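Today's notebook page is about helices: how they sit against one another, and what lies inside. Here is the chain I had open.

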Amino acid sequence: MVNANCLLLLGDEAIAQGAIDAGLSGVYAYPGTPSTEITEYIQQNTVARQRGLHSRWCTNEKTAMEAALGMSFMGKRALVCMKHVGLNVCADPFVNSAMTGVCGGLVVVVADDPSMHSSQDEQDSRFYGKFALLPTFEPSDQQEAYDMMDAAFDYSERQCLPVLMRITTRMAHSRAVVRMKAQPRPENVLSYDAVAANWVLLPANARRRNDKVTAQQPQLEADAAVSPYNRLETPASPSAGKWPLGILASGIAYNYVQEVLKAHAELACPVLKVSQYPLPKELVRKLMSQCERLLVVEEGQPFIEEQVRGVGDDSNILGRLTGQLPRTGELTPDSVSMALGITPPEAETPSIVAPRPPQLCQGCGHRDVYAALNEVLREYENPRVFGDIGCYTLGFLPPFRAIHSCVDMGASITMAKGAADAGQWPSVAVIGDSTFTHSGMTGLLDAVNENADITVVISDNLTTAMTGGQDSAGTNKFEAICRGLGVEEDHLHVVVPLPKNMPEITRLIREEINYHGVSVIIPRRECIQTFKRHAKEKKAQA
């Protein structure tokens, strides 16, 4: 029943509200779809503001993880949020956090992106939890996401370990009614109980902690076997002997299974829902003893399916590896139906619907940057432009077709340097303002230290635009940062990317390409979307 304690929330928002109600003291994050709304919700929440909870954006995911560890060190509860590729950036402190352990509860929420709606790959973060020997939670719906936050913080403090919570795009960005607690829990008090010998990872200390964490694994698995989030559901009228098929479903894929089974009563079979890891092998064995074959339905890579193959007869295990479910991309109720032998009706796309590839906004400063670059680079033989992660990656598409690579955050500068080391000229890097402070500064320092023959364009639109216009860590600091890294004053320029300034911009680009050393050009103009938003806010306040 919906009442005053119920809200219609995105999965991201349910996680945020659950963290606040669990006694959160701070959230640390770098914006990345589909995780961004968690931090934004906390920033705007009344209770969070009243309590003064930390909710400023971090420079990157590594700094976020490390700051959260510092808050946990002082006994308070901290939340870290990122998208899946951000976990690569913070892998060093994340993996080592199992060795240090925690004092205050620490939950790391990672939003995976099957089908790569806004990402470079489909990696499955559950592997990181297993690799780091950390417990992992995976909610199947918004209510469970909310409830799990309290359980995850409690479990983190009980086991003295961080907890990884893994969600996916569909979970993050779909809505449902969530019933909340009557009152949020108070924050933990400041504590000075951290044991330095656990937190100083000298080899002798680390070996002792490694033995301790390894010895905890059987208990973590035993806890998963009795977790309220893991359960074996058997139909009321059991089949004679073994069931022909059983289903093991995890996270949001469990909802797809339930949708199909409710629509087709003839498919009734035992279902093991898994939302807490390590994989509860005791429950898996129990399910397999009841069934002739097992279908593993999980969003992402065959994480569970590969482990289950070590529990029972491999020939009777079906899933992504055997082709019953697609090997890549998001699952859907239709793909689950087909795996269960039901052919869903074909959905017809109306003829009026036409594909609309993404493009840079009209009025975007990045457009003028690429127009200027293309004009100048036509004068050179085989120029190469190394791009980066952000709106400006769309410069790869028509009408600009201006960049030749985009690999990961910050790779533009280091790849341009490597290409120059190989003899490439001109070698140009295009990087955004937020990406530069995230992961580009160290690459620029490498380039300066070797006086690499590259031209770096830091396209500054004064915000983290691709994820919705969050604050950018380096705003109004880029010239000082570049000088501090050693860029020569004569080869550091700021321009305003507008059509009327095209002669000046093209002249500067040409001059700096012909200078055989490190040069930086900073085209600076506010993102057109945040400009419109700010203008609307000013008008409302007038």
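Before starting, I fixed my term: I call a residue buried when its relative accessible area is under 20%. I also noted that this is a predicted model.

Entry 1, helix α13. I looked up which residues of α13, residues 281-290, are buried. I found L283, V284, L287 and M288. Looking down the axis of α13, I saw these buried residues fall within an arc of 135°, so they line one face of the helix.

Entry 2, K417. I went to helix α17, which covers residues 411-421 and holds K417. Is K417 buried or exposed? With a relative accessible area of 9%, K417 is buried, since the cut-off I use is under 20%. Leaving out residues up to four places away in sequence, I listed the contacts of K417 as D446, A447, E450, A452 and I454.

Entry 3, α18 with α19. How do these two helices pack? I read an angle of about 20° between α18 (residues 433-449) and α19 (residues 478-485), with the axes 9 Å apart. Angles under 35 degrees count as roughly parallel, and α18 and α19 are therefore roughly parallel to each other. Their crossing is right-handed.

Next I wrote down who meets whom. From α18 come D433, F436, T437, M441, L444, L445 and V448, and across from them in α19 are F478, I481, C482 and L485. I sorted the residues of this contact into 9 nonpolar, 1 polar and 1 charged.

Terms used:
Residues are numbered from 1 along each chain as its sequence is written. This is a predicted model: local features need pLDDT of at least 70, side-chain atom pairs count only at pLDDT 80 or more; totals for chains, interfaces and linings use all residues. Side-chain values use heavy atoms; hydrogens and water are left out. Axes are lines fitted to C-alpha atoms, for helices over the stretch in contact, and angles run from 0 to 180 degrees between N-to-C directions. Helices (H or I, at least four residues) and strands (E, at least two) are DSSP runs, numbered from the N terminus. Angles under 35 degrees count as roughly parallel, over 145 as roughly antiparallel, 65 to 115 as roughly perpendicular and the rest as oblique. A crossing is left-handed if the near helix is turned anticlockwise from the far one by less than a right angle, and right-handed if clockwise. Contact means heavy atoms within 4.5 Å. Ala, Val, Leu, Ile, Met, Phe, Trp, Tyr, Cys and Pro count as nonpolar, Asp, Glu, Lys and Arg as charged, and the others, Gly among them, as polar. Buried means under 20% relative accessible area, exposed over 50%, partly exposed in between (1.4 Å probe, protein chains only). The arc is that of the directions from the helix axis to the C-beta atoms.
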